[in-house]
Amino acid sequence: MDPYREFSERGTPDFRFACYKHRHPLAGTMINMHWHPEIEMLYMRRGEIEVTAGNEKRRLTNGDIIFIEPDRLHMIVQKTPEIQNDAAVFSTSLIEFSDENFFQTEITAPLKSGEAEFSGAIPSGSELNSEISYIARKMFDCDIDSKAAVIADMVYIISRLYDAKYIKKSSAKPDKHSACI
């Protein structure tokens with residue numbers, strides 16, 4: 001059994017999606033090293049954190065967004081007091097299609113298999129960040145109450161990441177866990 005594997009059930013069998021709000025008053029608070037089979041979107045509202053995903057470290061500050069692909073070992077360390085960040089964790093099943101269309105073959109399947117990865121943080125102030133953070137804030141503030149709207153928004157976000165070259169062919173070997181350990 002893998003000690004880093006997170007076994008949380010997300011959402012319901014027909015809607016594998018969950019939102020989390022992290023509010024911590026003390027610097028140094030940490031979300032320990034773990035991995036899960038879902039995609040994770042982190043949205044930094046306030047403060048600064050350091051995200052280690054695989055063998056890369058990224059600092060996130062107010063407004064920054066980062067995506068972590070399925071099965072990627074990752075951890076978070078709080079760098080400033082009073083942080084606020086939100087996370088959406090969702091199964092690739094929300095953005096999978098049953099036929100062999102472009103989205104499935106070029107985006108979803110490579111992300112799921114480890115052949116593609118997200119390429120870093122999306123800095124606040126960028127046009128892409130503005131588009132995604134608008135949707136993310138609505139999602140995290142529970143302004144989207146339709147499962148269909150959440151799915152449509154996630155497909156839109158992932159497609160924008162692909163078009164903006166934030167999804168790239170993976171340089172890592174299929175074992176995403178050992179490099180970080």
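In the predicted model, M30 stands opposite V77 of strand β7. This pairing belongs to the contact between β2 and β7. Strand β2 covers residues 30-34. It is joined to β7 by 3 bridges, and the two strands run antiparallel. Strand β4, residues 49-53, also pairs with β7. Here 5 bridges are found, and the direction is again antiparallel. Within this pairing, V51 lies opposite I76 of β7.

Strand β7 itself spans residues 74-78. Of its 5 residues, 5 are buried, so the strand is largely enclosed by the rest of the structure. Side chains in a regular strand alternate between the two faces of the sheet. Both faces of β7 are covered. H74, I76 and Q78 are buried on one side. M75 and V77 are buried on the other. Thus V77, the residue opposite M30, and I76, the residue opposite V51, lie on opposite sides of β7.

Strand β8 was examined in the same way. It runs from residue 83 to residue 90. Of its 8 residues, 7 are buried, so β8 too is largely enclosed by the rest of the structure. Two strands pair with β8. Strand β1, residues 17-24, is joined to β8 by 8 bridges in an antiparallel arrangement. One bridge in this pairing links H22 to N85 of β8. Strand β3, residues 39-46, is joined to β8 by 7 bridges. These strands also run antiparallel. M41 stands opposite A88 of β8.

Backbone geometry was considered next. Most residues other than glycine have a negative phi. D71 departs from this pattern: its phi is positive, at about 65°, although D71 is not a glycine. D71 sits in the loop between β6 (residues 65-68) and β7. Its relative accessibility is 24%. The cut-off for a buried residue is under 20%, and an exposed residue must be over 50%. D71 therefore counts as partly exposed.

K165 also has a positive phi of about 65°, and K165 is not a glycine either. K165 is located in the loop between helix α3 (residues 147-163) and strand β10 (residues 167-169). Its relative accessible area is 64%, so K165 is classed as exposed. The two loop residues therefore fall into separate accessibility classes: D71 is partly exposed, whereas K165 is exposed.

Key: Residues numbered from 1 in each chain as written. Predicted model: local features only at pLDDT ≥ 70, side-chain atom pairs only at ≥ 80, totals over all residues. Heavy atoms only, no water. Buried < 20%, exposed > 50% of the residue type's maximum accessible area, 1.4 Å probe, protein only. Helix = DSSP H or I, 4+ residues; strand = E, 2+ residues; numbered from the N terminus. Pairing = 2+ DSSP bridges.
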